[in-house]
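Biologist: I am new to this structure and would like a close look at one part of it, set against the chain as a whole. Please take it slowly.

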Amino acid sequence: MSDNINSRAARRKTIEAERTKKKSKKTNNGKSIIKKIILAVVAIGVAILIGGAGLFTFYASSAPDLDENLLKDPLSSEFLDINGDVFMKSGVEKREFVPYADIPDLMQDAILATEDVRFYSHKGMDFWRLGGAVIANFRSGFGSQGASTLTQQVIKNSFLSDEKTLKRKAQEAWLAFQLERKYEKEEIFEMYFNKILMSGSNYGFGTASKYFYGKDLKELELHEVAMLAGLPQSPNGYNPYKNPARAKKRRNVVLGLMYQHDKITKAEMEAAQAMPVTGTLLADDKRQVTNTKYPAYVDLVLSELEEEGMSHLLSEGIKIQTNLDPAAQQSVEKALNTDDLYESAEMQAGMTVLDTKTGAIVAVGGGRNYSGTNWNFATDQKRQPGSVIKPILSYGPAIENLSWSTGKTVVDEPYNYKGTNKAIQNVDGKYQGTMTIREALYKSRNIPAVKVFEEVGSEKAGAFAKGLGLSYDKLYSSDSLGGGEDFSTLEIAGAYSAFGNGGIYTEPHAIKEIVFRDGKKRKMTKDPKTVMKDSTAYMVTDILRDVLTSGTGTKANIAGLDIAGKTGTTNYSSETISKNGLKNSDVPDTWFAGYTTDYTIATWGGYETNATPITTFDKGRYVPQNLFNMVMSDISAGKDTAQFQKPGSVEEATIEYGSNPLVLASRTTPSNKKRTELFVRGTAPTEVAEEEIIELDAPNGLTAQYNAETSSIGLNWSHNAPVSEAIAGDVEFTVLVGADGGELQEMTTTTDTTVTFEGAEAGRTYTFSVIAKLEYLESSPATTTVQIEEVIEEVPEPEEGIETENPEDGDWNDGNNGNNGNNGNDGNNGNNGNDGNNGNNGNNGNDGNNGNDGNDGNDGTNPDDGTDTTVPTEPGTGTDGSTTEDGTGGPP
């Protein structure tokens with residue numbers, strides 16, 4: 001028993017020992033793996049550190065040398081037009097240089113709190129800030145967030161390109177260290193303070209203080225100091241003249257940072273944040289205006305540089321190749337400044353001209369008398385687009401997503417917005433019933449536009465608009481009439497250019513490329529994107545052609561140019577009209593956007609404040625159309641502008657107007673209900689409208705009367721025309737004739753019910769047939785026959801011993817030869833020589849004269865024909881005693 005117990009205990013100890021051994025081995029193995037991983041990571045880190053150090057050393061060795069002139073003064077940059085001519089130089093303007101000792105402490109505190117709070121403690125690189133930026137870049141991609149100190153910004157603005165590469169960052173860091181070793185902090189701060197771009201062509205805080213406030217730096221208030229300190233991040237975007245809302249937001253951020261870093265108190269921050277951002281700005285008429293050609297275009301170039309984060313390049317002596325066409329720009333400025341176009345001196349307008357195919361901005365009209373310091377009505381101002389949006393939110397998406405035909409039926413009738421009790425109103429307060437979407441768009445009917453939008457759906461409509469560069473946070477049915485988001489002429493022109501370019505959209509851009517001092521180039525053109533089918537683009541374009549010929553945009557039309565376009569007008573709410581005592585016809589905005597295959601132009605007209613109404617038509621609402629006409633006529637003159645070409649993806653078919661679903665027009669479809677419309681290929685209907693049974697009666701009462709005197713036959717008939725809407729025009733009659741049983745030949749076609757057949761011959765039988773015809777209808781024939789008897793004349797034998805004498809030539813002839821004399825006898829008749837047969841009697845020469853009376857000399861022997869056969873009483877004379885001119889009288 002004890003042996004068993006001992007045996008079990010021994011086995012238990014053995015098992016436990018083995019378990020402990022395995023566990024220990026497993027633990028040791030785990031520790032070994034962790035140790036190996038740590039060693040590997042350290043090794044990799046060391047390798048990366050060594051490699052990084054080597055790469056940094058390599059990049060740093062190729063960095064340029066520090067140049068004090070470049071550090072302190074900006075180089076002049078050139079703006080070039082499409083011809084390669086310089087139209088502006090940036091950086092040559094007079095600057096207010098401020099020595100470090102004259103920089104107010106408050107100004108310095110604002111700058112450091114915003115841009116580089118540890119400026120006086122780091123050695124050119126802020127590693128705390130760099131760490132945060134690295135984490136952000138891992139999350140969002142390299143280059144998503146920077147960590148540049150003031151020292152690095154001085155370097156970047158003086159020596160290096162704008163490329164976001166490891167090489168540039170390495171060189172920037174190396175040169176920042178070098179700059180910190182060579183110059184004192186105060187000197188570096190002074191460089192930054194006087195060289196940084198503040199707005200437009202204004203460099204340095206001293207210059208900006210005079211430009212925006214007309215003050216020396218020491219005179220600035222806290223809110224003004226904060227506004228200036230926030231500008232370098234986005235000189236044009238935070239410009240309080242152009243973007244007051246953004247400027248205020250940025251200013252308040254700066255004030256918050258100053259409070260956060262104990263530069264100001266909370267009370268000071270809140271008091272400054274409560275100040276209006278435009279309240280103390282220098283008035284427009286007191287600001288110094290830079291004498292620059294084409295200031296609206298310059299403004300656009302500067303904005304593009306800023307959007308690309310490249311504003312600092314202006315101080316590097318670069319060349320900016322733009323898309324500016326000086327001839328087009330001059331045309332735009334001339335048109336905008338034609339005072340007779342406007343209803344008042346205060347009314348304004350803006351315009352953008354694009355190359356339809358490339359999206360290049362050819363010209364920009366910032367407004368009447370635009371100087372570069374005032375509001376840019378082409379790019380800065382954004383207003384609701386009105387009906388200009390209808391092709392973008394309603395009809396374009398419907399054709400694109402639902403493959404609708406331009407002949408698709410929609411009903412203009414009383415209608416509420418979907419899911420509401422709010423009724424939609426047409427401009428004229430009327431309803432036009434069933435119509436095609438072509439008519440609905442070119443007539444700019446509101447109710448059909450909303451119906452179409454709701455059928456397409458906001459999601460698809462929003463995606464279509466986004467592809468054209470117009471973004472909506474959320475779409476509502478009312479947006480399809482031009483409410484909701486505001487847009488600039490630049491954005492609208494970009495959207496419309498895609499319709500004229502076969503569905504290819506290229507973001508509008510003013511800069512083509514940038515050339516650096518070392519000759520390197522950076523391409524700035526945008527990549528084209530296909531945003532709709534070419535069938536959609538053409539079908540919308542074809543409808544918009546009708547806007548200029550039959551719709552609301554006829555004043556914009558230009559003879560000889562293939563143009564498509566759309567008008568737009570916004571309206572005041574009934575509450576606003578009532579509150580401000582406005583007329584129902586008063587409107588805040590008016591638009592026109594149109595295009596050819598070469599150019600796209602968007603124009604806006606109105607007042608700087610939305611509350612000021614447009615009150616007239618000719619010099620109010622029609623201003624955008626008139627401007628479009630003037631500029632498009634000018635820039636297209638002398639050019640062979642191609643027409644819009646129908647792509648193979650589109651087909652035509654003639655449909656019966658109002659049919660739903662669409663059917664092809666039949667032969668009996670009334671002409672006023674036939675429409676030739678466009679279809680996405682393969683979607684045209686195959687079913688034909690039911691034909692109306694229409695019979696065309698044969699002519700009735702056909703008669704034929706022979707006129708022996710004129711050898712003609714007169715035909716007369718009557719006809720009962722059908723009564724039907726399907727038949728238009730007059731009935732025509734085809735008359736056929738045949739002789740002696742021969743084949744009928746067409747004689748004539750006429751709308752009359754009478755016709756004369758000339759040249760009827762005796763002895764022949766004529767058959768006439770008359771057939772009525774109207775469009776595709778043809779009646780059975782009405783037929784009649786006329787037989788003309790042939791006259792056979794009897795010639796009497798002459799008596800023996802009687803001879804005839806020709807009084808003219810004195811010849812005596814045998815009576816049987818009297819035919820020769822008869823010819824003379826017939827001189828009075830001209831046509832009836834046979835009439836002289838009666839002269840065979842020798843006494844009857846004057847019978848030829850009587851043949852005259854009947855105009856039928858060959859019937860002179862036939863009393864039935866009315867000829868006089870009286871024998872003359874005297875030779876050579878007629879019964880009335882006259883002597884025949886040819887002497888056919890017989891001898892005594």
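Biologist: What share of the contacts in the protein chain with a separation of 6 or more comes from residues 24 or more positions apart? After that, please look closely at helix α3 (residues 105-115) and go on to the other helices and loops from there.

Modeller: This is a predicted model. In the protein chain, residues 24 or more positions apart account for 67% of the contacts with a separation of 6 or more. The secondary structure of the chain comes to 24 helices and 28 strands. Of its 892 residues, 50% are buried. The chain exposes about 43,200 Å², and 47% of that is supplied by carbon and sulfur atoms.

Now to the part you asked for. Helix α3 covers residues 105-115, and 8 of its 11 residues are buried, so the helix is largely enclosed by the rest of the structure. The buried residues are M107, Q108, A110, I111, L112, A113, T114 and E115. Helix α3 packs with helix α10 (residues 244-260) at an angle of about 95°, and their axes are 9 Å apart. An angle from 65 to 115 degrees counts as roughly perpendicular, and α3 and α10 are therefore roughly perpendicular to each other. On the α3 side the contact is made by L106, A110, A113, T114 and E115, which meet R250, V254, L257 and M258 in α10. By class, the residues of this contact divide into 6 nonpolar, 1 polar and 2 charged. Among the α3 residues in the contact, A110, A113, T114 and E115 are also on the list of buried residues. As background, an α-helix has 3.6 residues a turn, so residues three or four places apart point the same way.

A second pair of helices can be set beside this one. Helix α8 (residues 205-213) and helix α9 (residues 222-230) pack at an angle of about 120°, with axes 11 Å apart. That angle makes α8 oblique to α9. Their crossing is right-handed. Here F205, A208, S209, F212 and Y213 in α8 meet E224, M227, L228 and A229 in α9. This contact has 7 nonpolar, 1 polar and 1 charged residues.

Another enclosed helix is α16 (residues 446-456), where 10 of the 11 residues are buried, so this helix too is largely enclosed by the rest of the structure. Its buried residues include N446, I447, P448, K451, F453 and V456. They pack against α14 (390-402), β8 (409-412), β9 (433-436), α15 (437-442) and α17 (458-467). Just after α16, G457 takes a positive phi of about 100°.

Some backbone details in the loops remain. Most residues other than glycine have a negative phi, and most peptide bonds are trans. Y294 has a positive phi, near 50°, and lies in the loop between α11 (266-273) and α12 (295-307). With a relative accessibility of 7%, Y294 counts as buried. N369 also has a positive phi, near 55°, and is found in the loop between β7 (361-365) and α14. N369 is exposed, at 59% relative accessible area. Finally, the peptide bond from N660 to P661 is cis, with omega near 0°. P661 sits in the loop between β17 (650-656) and β18 (674-680).

Terms used: Residues numbered from 1 in each chain as written. Predicted model: local features only at pLDDT ≥ 70, side-chain atom pairs only at ≥ 80, totals over all residues. Heavy atoms only, no water. Axes fitted to C-alpha atoms, helices over the stretch in contact; angles between N-to-C directions. Helix = DSSP H or I, 4+ residues; strand = E, 2+ residues; numbered from the N terminus. Parallel < 35°, antiparallel > 145°, perpendicular 65-115°, else oblique. Left-handed = near helix turned anticlockwise from the far one by under 90°. Contact = heavy atoms within 4.5 Å. Nonpolar A, V, L, I, M, F, W, Y, C, P; charged D, E, K, R; others polar. Buried < 20%, exposed > 50% of the residue type's maximum accessible area, 1.4 Å probe, protein only. Areas by Shrake-Rupley, 256 points an atom, 1.4 Å probe, with all protein chains shown as cover.
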